[in-house]
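Reader: I would like a close look at a single part of this model. Please take one strand, describe its surroundings, and then place it within the chain.

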Amino acid sequence: MKQLKILLALLLLASQTNLLAAGRDPQIIPVSANETVQAVISLKEPSRIAVEGGRIRAMDYRAGAVDVKEDKFTGEIRVVPPENDRSPINMCITTERGDTYTLLLTVSDLPAQTVMLRDAAYVKSSVMTSA
């Protein structure tokens, strides 16, 4: 009986560790210009949104829907929804290459999230030019 309790305790600990780790993996989302994609952001913590190999130049969103901080050095943004507001957030971002993506952000009670947008057209051209 004691061994069973120890085994159950270890299984519980392992499952909690997996749940905690699940929120830390970046969301890598394949995108194409002028496409709408979905992502999940944190309810309470700043979530990072970036474009792989690119920089976010401009954003468009409804005033008060989200607090956005731009990182001019990296070209990324950090977003936080209003306190305890789980409403979905619509946001358009434009990169310095001129590509525009529409984001539908779902708010969830998770740790800070990283959303990485990966444009296949740009990734392929980067590989060809570096070869």
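Author: A convenient starting point is Thr-95, which lies in strand β7, residues 89-95. The model is a predicted one. Thr-95 counts as buried because its relative accessibility is 0%, and the cut-off for buried is under 20%. Outside the four places on either side of it in sequence, Thr-95 touches Val-51, Arg-55, Ile-56, Arg-57 and Tyr-101. Arg-57 is 38 residues away from Thr-95 along the chain, yet their C-alpha atoms are separated by 5.0 Å.

The burial of Thr-95 fits the strand it belongs to. Five of the seven residues of β7 are buried, so the strand is largely enclosed by the rest of the structure.

β7 has pairing partners in β4 and β8. With β4 the strand runs antiparallel, and five bridges join the two. Within this pairing, Met-59 has Ile-93 of β7 as its bridge partner. With β8 the pairing is again in the antiparallel sense, over six bridges. Here Met-91 is matched with Leu-103 in β8. β7 and β8 form a hairpin with four residues between the strands, and in it Gly-98 takes a positive phi near 95°. As background, strands of a sheet pair through backbone hydrogen bonds, in either a parallel or an antiparallel arrangement.

The loop between β7 and β8 also takes part in a salt bridge. The side chain of Glu-96 meets that of Arg-55, at 3.5 Å from N to O. This pair links distant parts of the chain: Glu-96 sits in the loop between β7 and β8 (100-108), Arg-55 in the loop between β3 and β4, and 41 residues lie from one to the other. Glu-96 is partly exposed, its relative accessible area being 48%. Arg-55 also counts as partly exposed, because its relative accessibility is 27%. Arg-55 is, besides, one of the residues that Thr-95 touches.

The loop between β3 and β4 has a further link. Glu-52 and Arg-118 meet through their side chains in a salt bridge of 2.7 Å, N to O. Glu-52 is in the loop between β3 (47-51) and β4 (56-61), whereas Arg-118 is in strand β9, and the two are 66 residues apart. Glu-52 is partly exposed at 27% relative accessibility, and Arg-118 is partly exposed at 33%.

Strands β9 and β3 belong to an open sheet of five strands, with the order β1-β9-β3-β6-β5 and mixed pairing. Its edge strands, β1 (27-31) and β5 (67-71), each pair on one side only. On average, neighbouring strands of this sheet are turned by 20° against each other, direction ignored. β1 pairs with β9 (residues 114-119) in the parallel sense, over five bridges. In this pairing Val-31 stands opposite Asp-119 in β9.

The structure holds seven salt bridges. Among them is one between Glu-70 and Lys-72, whose closest N and O atoms are 3.3 Å apart. Arg-48, Glu-76 and Arg-78 are joined into one network by salt bridges that share partners. In the former pair, Glu-70 is partly exposed, with a relative accessible area of 42%, while Lys-72 counts as exposed at 62% relative accessibility.

For the chain as a whole, there are two helices and nine strands. From the N terminus on, their sequence is α-β-β-β-β-β-β-β-β-β-α. Of the 131 residues in the chain, 28% are buried. Among contacts between residues at least 6 apart in sequence, 65% join residues at least 24 apart. The accessible surface comes to about 8400 Å², and 57% of that belongs to carbon and sulfur atoms.

Confidence is uneven along the chain. The average pLDDT is 84, and 76% of the residues score at least 70. Among the elements, strand β6 (residues 76-80) has the highest mean pLDDT, 98, and helix α1 (residues 2-22) the lowest, 50. Over residues 14-22 pLDDT stays under 50, and the model has zero contacts beyond four places in sequence for this stretch.

Methods:
Residues are numbered from 1 along each chain as its sequence is written. This is a predicted model: local features need pLDDT of at least 70, side-chain atom pairs count only at pLDDT 80 or more; totals for chains, interfaces and linings use all residues. Side-chain values use heavy atoms; hydrogens and water are left out. Two strands pair if DSSP finds at least two bridges between them. Axes are lines fitted to C-alpha atoms, for helices over the stretch in contact, and angles run from 0 to 180 degrees between N-to-C directions. Buried means under 20% relative accessible area, exposed over 50%, partly exposed in between (1.4 Å probe, protein chains only). Contact means heavy atoms within 4.5 Å. pLDDT is the predictor's confidence in each residue, from 0 to 100. Accessible areas come from the Shrake-Rupley method with a 1.4 Å probe; for residues, only the protein chains shown count as cover. A salt bridge is a side-chain nitrogen of Lys or Arg within 4 Å of a carboxyl oxygen of Asp or Glu.
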